[in-house]
Amino acid sequence: MPQQTAAALPSKVLAMAERRKAVEAVRASNRTAASTVRDTAQNAMSGIRKAINAARELAGGITAGGGMVVVIVLVIFLAGLLIASPFGLFFSGEDHGTGYSMPEAVAQLNGEFTARIEQIKAEIPHDTLDWDSTVASSMISNWNNVLAVYAVYVAADETDPHDVAMLTEETFSVLQDIFWEMNEISYFTETIPHTEMVTNENGEEEETTTTETILHITVTVKDYQQMVDEYGFTDEQKELLEELLRPEYQELFQALTGSSQSLTLTPQEVQEIMEHLPDDLSEERRQVVLTAYQLLGKVNYFWGGKSLVLGWDSRWGTPKEVWASGNSSSGTVRPYGLDCSGFVDWVFYNVSNGGYVIGHGGGAAAQHSYCNDISWSEAIPGDLVFYPGDSHVGIVCGFDGDGNVLIIHCASSANNVVVTGKSGFVAVGRPNYYS
């Protein structure tokens, strides 16, 4: 056995002692967590804080060779304590076999919100609509409050607690009720008479009165403090709410509400995409295809929707009124996203790290004008394809097993970014970007 120096021994002994101390601290906190759902919210809060402090001590006190211990202890800490508390909310981003995940639930409720606005507009006869569409943005920014209230209401219920790390049909129903209580839509109509002078058929002026019906739609957004009183939360539950809504958890909330998403493709996804690409495809074109796939199935179709944002655009999914004219959705409220040319712009803007807008600010026709027309036999991944009259645009993203072209595009019919065959597309353009 090699001899150890006198200076080395104390440090190693100290490291072992620190590790044992940290492990025991977190194990103790984990034992507290096992009964979190049965104990009071105050005990849960105490356990959470002890575990957080233990993890911080561990991170600061571990010396050489302690990395694996950090991982093991944090797994114990997260799995045992947080999942059994309201903080289990932050583990609800995936479907754990129930058919529900929190981001999908948020998207569904956002959709229900916009559908309710459209239903009121369709069912109530009116000449003029009065509603502040910016309220929808306030509703989206209120999601942190909604989720925090939901987590405490469900997990810290002293009589019937439930796990919030796993979203089920039952807990989704609770979330749905809380969402609508915190984002209440009301409306009323107002009839206003208008008097004016008109010329009758005899050429004489006479007074006539018409009426204007105004539909007023109001959204009342409540924060967590208002719900504390409505639900009669205890002091301990209030403390849990305050802790959940601390600024350091903002990114975790963003991941659940869709206002921030990772666009990183997994190695498996990349491998599947690469199987449909030619071996000799340039790296430049390969990156265009991979970047396009980052939005597959993630962004709603929105007529006139554009985004020159690097990475995820926090506006996606938020209810907005379609301002662009010329479409059946114009004037309606929809979850914000991209139209076909907006998707193509975003792809090339991100590939170029913000240095290139392929349509130079225009739509599909403008994008086509910055391409050289080629034949289908010449088409390779990264080229653009167009409907007749440039009414739609997509990106060639590979070939199937029979050699048929695959196209990725933001399609109104699917209300999302999809991969299809070339049906409907009649022209191919090679972007000047590559030259």
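In the predicted model, I192 stands opposite E212 of strand β3. This pair belongs to a long antiparallel ladder: 17 bridges join β2 to β3 (residues 205–221). Strand β2 spans residues 183–199. The two strands form part of an open sheet of three strands. Its order is β1-β3-β2, and its pairing is mixed. Strands β1 (128–130) and β2 lie at the edges, and each pairs on one side only. From one strand to the next, the twist averages 20°. Helix α7, residues 169–182, lies across β2 and β3. The helix runs at about 40° to β2.

The second sheet described here is also open, but has six strands. The strand order is β6-β11-β7-β8-β9-β10, with antiparallel pairing. Strands β6 and β10 (416–420) form the edges of this sheet, each pairing on one side only. With direction ignored, neighbouring strands are turned by 35° against each other on average.

Strand β11 (residues 427–431) pairs with β6 (residues 371–374) in the antiparallel sense, over four bridges. Within that pairing, N372 stands opposite R430 of β11. Strand β11 also runs antiparallel to β7 (residues 384–386), to which three bridges join it. L384 has G429 of β11 as its bridge partner. F386 is bridged to A427, again in β11.

Two helices pack on the six-stranded sheet. Helix α12, residues 283–293, touches β8 (393–399), β9 (405–411), β10 and β11. Its direction makes about 110° with that of β8. Helix α13, residues 340–351, touches β7, β8, β9, β10 and β11. Here the angle to the direction of β8 is about 60°. Strands β8, β9, β10 and β11 are thus touched by α12 and by α13, while β7 is listed among the strands touched by α13.

Packing between helices was examined for α6 and α9. Two packed helices are described by the angle between their axes and the distance between the axes. Helix α6 covers residues 143–155, and helix α9 covers residues 235–244. They pack at an angle of about 140°, and their axes are 10 Å apart. That angle makes α6 oblique to α9, because only values over 145 degrees count as roughly antiparallel. The crossing of α6 past α9 is right-handed. On the α6 side, the contact is made by A148, V149, A151 and V152. On the α9 side, Q237, L240, L241 and L244 take part. Seven of the contact residues are nonpolar, one is polar and none is charged.

At the level of the whole protein chain, the model contains 14 helices and 11 strands. The chain has 435 residues, of which 43% count as buried. Contacts between residues at least 6 apart in sequence were also sorted by separation. Of these, 66% join residues at least 24 apart.

How values were computed. Residues numbered from 1 in each chain as written. Predicted model: local features only at pLDDT ≥ 70, side-chain atom pairs only at ≥ 80, totals over all residues. Heavy atoms only, no water. Axes fitted to C-alpha atoms, helices over the stretch in contact; angles between N-to-C directions. Parallel < 35°, antiparallel > 145°, perpendicular 65-115°, else oblique. Left-handed = near helix turned anticlockwise from the far one by under 90°. Contact = heavy atoms within 4.5 Å. Nonpolar A, V, L, I, M, F, W, Y, C, P; charged D, E, K, R; others polar. Pairing = 2+ DSSP bridges. Buried < 20%, exposed > 50% of the residue type's maximum accessible area, 1.4 Å probe, protein only.
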